[in-house]
Amino acid sequence: MLYRIPVILAVMFAAATIHVVAAEAVADFDRNAGRVGCVQWRNGDAAAPVPVVMPGVGDSLRLVFDLLAPDGRDESWMPYLRCRVRHKDADWRDDGLIDSEFVEGFNVSDVGYGESSVLGMTTVMYRNYSVTVPPDGMRLSASGNYVLEVFEDGEPEKVIISAPFSVAEGSVTIGGSVTGRADADWNGVSQQLEIEIGNQGLDRRVSMDDLRVDILQNGSEFTRRTMRNPSFVSGGRAVYSHRPELMFKGGNEYRRMETVSRRSPGMHVAEISWEEGLYHEVLLTDQSRCGAEYSYDLTQGGEFTIREADESMTVPSDTEADYTVVHFALEGAGIMPPDMVFVDGALTGRKADDASAMEYDAESGVWHKALLLKQGAYDYRYLVRRADTGETGCSATEGDHHQTQNVYAVYVYYRVPGERTDRLAGARVIKSLANR
């Protein structure tokens, strides 16, 4: 018997927050809602944990996403989509720039009709779309933060997807390292970064002291740190070291599960059933890992790979993979309302919100969540938000270890005096390596 809670259409996105039109539904979700399904930034066919257009990088950045058919089976449903871009400042706020200040050409491009899911392979019908950045016919003339907006042809005011990405100049080099030997360690549970930025053609009106450096751990906004003054500048190098902003709790390796088959349970799946027109995959009940010893595991750094293994050899299986209802369960681990627990990772857009919030069953002491997910291999973890402080983190559910493999995204911004927005000089991913 399935635990009866609302099924949320999960919006899966790598690295930055995405906003979509999505509705809550019961177990046999409303097939007339017409909603966004899986969403992912990619470089080539691989997930892009940091969606940044970099000069001289061969693989194109592209947004891949699904729209679910209103009735689930209507083959004539073929919405034609278009897109545009908006420029944002370093805090992702509107900066007031007009199109001609950041786009050469028209700020509208065709996305097209997409490609239909393979008839007979999926119980949920959808159309799969792909948009390369910059979109066809556009040249992005300014560095900085952008948002890609997707809408249906003829309805530009109704934005379906708003997906953040960035464009870097390459005017600085970024070096860095991660160590588990932190200045003020909490019993071996933290990691500390050191960042070095080199001038590689930075605008002459800006000095190395004027840079703004943002760091995110595993793409989670609640981990963002901002530094405005380097520890020291020497010979065209700005060094940031031994500062509180550079120290992060280590966390733990992501948990893993696989829903690649509807015929037999995959990794961490206890059972598969067919109910009310959908496949349901019930995961094994998770336990808190707080206080447990560190255990190395090879994960995707919180990302996911779309894959259908029963009949398809294609990876990612963008039009062959089905949507199934995945049931998550976490034993309370002493966490009770008004504190909140969330399913976290790229599968929920790395957002602690209503769509990822779990429900607590007081009788069993278990937190539950059901998400409609596309078949694939997923990383996930559980976040806790404390009601008294508003603090969000995974220490209470996952534990903290200095050996954990984490992905740190470093962004270097600057603003030329007199300009209205921020430029992005460079961006880089720095990974910590497990001390096995």
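# Exercises on burial, salt bridges and cores

Arg381 is buried, with a relative accessible area of 4%, where buried means under 20% relative accessible area, exposed over 50%, and partly exposed in between (1.4 Å probe, protein chains only). The model is predicted, so that local features need pLDDT of at least 70 and side-chain atom pairs count only at pLDDT 80 or more, while totals for chains, interfaces and linings use all residues. Residues are numbered from 1 along each chain as its sequence is written, and side-chain values use heavy atoms, with hydrogens and water left out.

**Exercise 1. Determine which residue meets Arg381 in a salt bridge, and which parts of the chain the pair links.**

Step 1. A salt bridge requires a side-chain nitrogen of Lys or Arg within 4 Å of a carboxyl oxygen of Asp or Glu, and the side chain of Arg381 meets that of Asp344 with an N to O distance of 2.7 Å.

Step 2. Helices (H or I, at least four residues) and strands (E, at least two) are DSSP runs, numbered from the N terminus; Asp344 belongs to strand 28 (residues 340–344) and Arg381 to strand 31 (residues 376–385), so the pair links distant parts of the chain, 37 residues apart.

Step 3. Asp344 is likewise buried, with a relative accessible area of 0%.

**Exercise 2. Describe the surroundings of the salt bridges Arg255 to Glu398 and Glu155 to Lys158.**

Step 1. In the bridge between Arg255 and Glu398, the closest N and O atoms are 3.1 Å apart, and both residues are buried.

Step 2. Arg255 lies in strand 23 (residues 255–258) and Glu398 in helix 1 (residues 395–398), so this pair ties together parts that are 143 residues apart in sequence.

Step 3. Glu155 and Lys158 meet at 3.4 Å, N to O; here Glu155 is partly exposed, at 29% relative accessible area, and Lys158 is also partly exposed, at 49%.

Step 4. A search of the whole structure finds 33 salt bridges, and a network of them links Asp89, Asp91, Arg93, Arg212, Asp214, Glu221 and Arg224.

**Exercise 3. Find which members of the largest nonpolar core touch the most other members, and which strand gives the most residues to this core.**

Step 1. A nonpolar core is a set of buried Ala, Val, Leu, Ile, Met, Phe, Trp, Tyr and Cys residues joined through side-chain atoms within 4.5 Å.

Step 2. The largest such core has 32 residues, of which Trp41, Phe65, Val85, Ile161 and Phe165 touch the most other members.

Step 3. Two or more residues each come from strand 4 (36–43), strand 7 (61–68), strand 8 (81–88), strand 12 (126–133), strand 14 (144–152) and strand 15 (159–167), and strand 15 gives the most, with five residues.

Step 4. Another core, of 31 residues, lies apart from this one and has Val326, Ala370, Leu371 and Tyr378 among its members.

**Exercise 4. Identify what lines the largest cavity and which strand supplies the largest share of the lining.**

Step 1. On a 1 Å grid over the protein atoms alone, a cavity is a set of points where a 1.4 Å probe fits but cannot get out, and lining residues have an atom within 4 Å of a point.

Step 2. The search finds one cavity of 30 Å³ or more, and about 30 Å³ of space lies in the largest cavity, the volume being the space filled by probe spheres set on the points, which are joined across faces, edges and corners.

Step 3. Its lining consists of Cys38, Arg42, Val64, Phe65, Asp66, Asn128, Ile306, Asp318 and Lys374; strand 7 supplies the largest share, three residues.

**Exercise 5. Locate the cis peptide bonds that precede Pro134 and Pro316, and the residue Trp92 with its positive phi.**

Step 1. The bond from Val133 to Pro134 is cis, with omega near 0°, and Pro134 sits in the loop between strand 12 and strand 13 (139–140).

Step 2. A cis bond also joins Val315 and Pro316, with omega about 0°, and Pro316 is found in the loop between strand 26 and strand 27 (323–331).

Step 3. Trp92, a residue other than glycine, has a positive phi near 65°; Trp92 lies in the loop between strand 8 and strand 9 (103–104) and is partly exposed, with a relative accessible area of 28%.

Note on methods. 1 Å grid on protein atoms, 1.4 Å probe; cavity = no way out; pocket = protein on both sides within 12 Å on 5 of 7 lines; lining within 4 Å.
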